[in-house]
Amino acid sequence: MIKPTTNQLTIYLSVSCIIILLFSCKEDSYSNKDHLVFRYNEYANINTLDPAFSRTLQDNSINNQLYNGLVQLDDALNIEPCIAKNWTISENAITYTFNLRSDVYFHKHQLFGKDSTRNVVAKDFEYSLNRLRDKKVAAPGSWVLNKVKDFRAVNDSIFQIELKQPFPAFIGLLTMKYCSVVPKEIVEHYGIDFRSNPIGTGPFKLKRWEENIKLVLRKNKLYFEKDNKGNQLPYLEAVALTFLPDKQSEFLQFAQGNIDFLNSLDASYKDELLTANGKLRKKYHESVNMIRGPYLNTEYLGFYLDSKTPEIQSKLIRKAINYGFDRKKMMTYLRNGIGNPANGGFIPIGLAGFNKSNGFSYQPEKAKQLINQFRKKTGITNPEITLVTTSNYLDFCEFIQRELEKAGLTINVDVMPEASLRSARSNGKVDMFRSSWIADYLDAENYLSIFYSKNFAPNGSNYFHYKNETVDSLYNKAFTITNIDERKHIYKTIDSLAMDHAIMVPLYYDEVIRFTGKNVNGLGINPINLLDLRRVKKD
């Protein structure tokens, strides 16, 4: 059993006392305007408001309020119309023809001239996608057009995309924020500063952004979507973000009513809010709503295979780490049972291609044997590696550190800020790192692209620098197959090959968990944890 340290117990008790006081004594202090403002904290910060560079969850969530594309996802990840009111696909599954709405307008800006706005036409999508694949722009999302041969504006209301070959998952790619429509005249006016001067078509528009301090969005009164009763969306007047880097401080702000929701679970307050089996504690039933659901997110540890470190190069050590700790125990004690142990490879539960037999089970004796084999093979008597993480995952890394120490492997744990770790990981500056992979669309291909050799970081997402000719061949073959069962078999095989090489350590398949005050309604939840504030109301 894992027991809390004296310091941890002190922090827990102090937080608990403060929270009880705040929730029991706080009267309803919402002003007449406050119920129209949704407030939240983004501890990981915002990198850009340019959708072509929107590659992280936090960037996607804020850009989802500012931009729209041809199509969009509902909360069940079904593809729905957006700026395209409908579309057709040719019989050979090569040509996609989109019919655009005529009532979609860009956020107001003086550069648009007399009316300070204009409606979106097909030429805007032609410009936006050309910009996405422009090598001078070097957008990280250019890969979504890899299977596209050409695209064109047929007229103002018809946009057409032609693929190189059939690709059933393609329509899902178009839901990504990378494919949002942007106005040429505004982008070219600001250049690289468009990242902080965004003009889109979304339900909200930028009012102010003081980086690392505060970001404010205001309602877009020209927004085109309505609810099922004909009322214009969004309901809120404004969205306000803070950027407190400390999760405990974020929780206290939530308790005081200064922010409206928490979008994650952290060690500093998980036991205050949840029971050991992941239920909301009874004392919060009247003040807090908890929403919980599946999350297409795999948390993992990765190895940089081009490292000069013998331990990282050795499959014996990499497999020993996979066998050497109890994932179920880890989830029970560190996440109060929120999430599922990742014993089935990299593809998470819920995607075609998941296979519970692809991964690793807890076998401590086997871990010891593998480490002893490494000692005999290399002559290194005290194997040692360094694992780099961010502070909010330190408890997981220390758990693994303690378990592997029992098997004879020393793991040194270093902590970096998220932005620094992201850069170091992309540029091969860390031997072993903690990371996560969230599905962008409902097809396992976007998970397996991380194993494709042509996607080597820093230009792609293959942070491991893993190269396997069979994997590459199967990955390319999957694009030519329209039958889901055949693709599923290929996905399972690719995942199995990567796991056999032990290029990573899958930790757990996450769950989305959101906490709101009782006054927040309509937030919803989805398996990619994308924030959608169009239908949110505050009482």
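Where is Ala138 found? Ala138 sits in the loop between helix 3 and strand 6. This is a predicted model, so every value below is computed from it. The phi of Ala138 is near 55°, a positive value in a residue other than glycine. Ala138 is also exposed, with a relative accessible area of 52%; the cut-off for exposed is over 50%.

Now take the two elements that flank this loop. Strand 6 belongs to an open sheet of 4 strands. Their order is 4-5-7-6, and the pairing is antiparallel. Which strands stand at the edges? They are strand 4 (84-89) and strand 6 (148-155). Each has a single partner strand, so one side of each is left without a neighbour in the sheet. On average, neighbouring strands are turned by 20° against each other, direction ignored. Strands of a sheet pair through backbone hydrogen bonds, either parallel or antiparallel.

Look next at strand 5 (residues 95-100) and strand 7 (residues 158-163). These two pair in the antiparallel sense over 5 bridges. Thr97 stands opposite Gln160 in strand 7. Helix 3 (residues 122-132) packs on the sheet. Helix 3 touches strand 5, strand 6 and strand 7, and its direction makes about 155° with that of strand 6.

Asp124 is part of helix 3. Is Asp124 buried or exposed? Asp124 counts as buried, at 4% relative accessibility, because the cut-off for buried is under 20%. Leaving out residues up to four places away in sequence, Asp124 touches Phe106, Arg118, Asn119, Val181 and Val182.

Now turn to the nonpolar interior. In soluble globular proteins, nonpolar side chains tend to be buried together. The largest nonpolar core here has 140 residues. Which of them touch the most other members? They are Phe98, Ile161, Phe451 and Phe464. Helix 12 (residues 394-407) gives the most to this core, with 6 residues. Another core lies apart from it, with 14 residues, among them Phe251, Leu262, Leu280 and Ile513. Back in the largest core, Ile161 has contacts beyond four places in sequence that include Leu70, Ile94, Tyr96, Phe98 and Leu129.

Helix 12 also packs with helix 10 (residues 327-335). Two packed helices are described by the angle between their axes and the distance between the axes. For helix 10 and helix 12, the angle is about 140° and the axes are 11 Å apart. The two helices are therefore oblique to each other. Helix 10 passes helix 12 in a right-handed crossing. Where they meet, helix 10 brings Lys329, Met330, Met331, Leu334 and Arg335. Helix 12 brings Asp395, Phe396, Phe399 and Glu403.

Next comes strand 10 (residues 238-242), the place of Val239. Val239 is buried, with a relative accessible area of 1%. Beyond its neighbours within four places in sequence, Val239 is in contact with residues including Phe38, Tyr40, Phe204 and Leu533. The loop between strand 9 (214-219) and strand 10 holds Pro234.

The backbone has some unusual spots. Most residues other than glycine have a negative phi, and most peptide bonds are trans. The bond from Leu233 to Pro234 is cis, with omega near -5°. The bond from Ala457 to Pro458 is cis too, with omega near 10°. Pro458 lies in the loop between helix 14 (445-448) and helix 15 (469-478). Asn529 is not a glycine, yet has a positive phi of about 60°. Its place is in the loop between strand 18 (520-521) and strand 19 (537-538). Asn529 counts as buried, at 4% relative accessibility, whereas Ala138 is exposed.

Note on methods:
Residues numbered from 1 in each chain as written. Predicted model: local features only at pLDDT ≥ 70, side-chain atom pairs only at ≥ 80, totals over all residues. Heavy atoms only, no water. Buried < 20%, exposed > 50% of the residue type's maximum accessible area, 1.4 Å probe, protein only. Contact = heavy atoms within 4.5 Å. Core = buried A, V, L, I, M, F, W, Y, C linked by side-chain atoms within 4.5 Å. Pairing = 2+ DSSP bridges. Axes fitted to C-alpha atoms, helices over the stretch in contact; angles between N-to-C directions. Parallel < 35°, antiparallel > 145°, perpendicular 65-115°, else oblique. Left-handed = near helix turned anticlockwise from the far one by under 90°.
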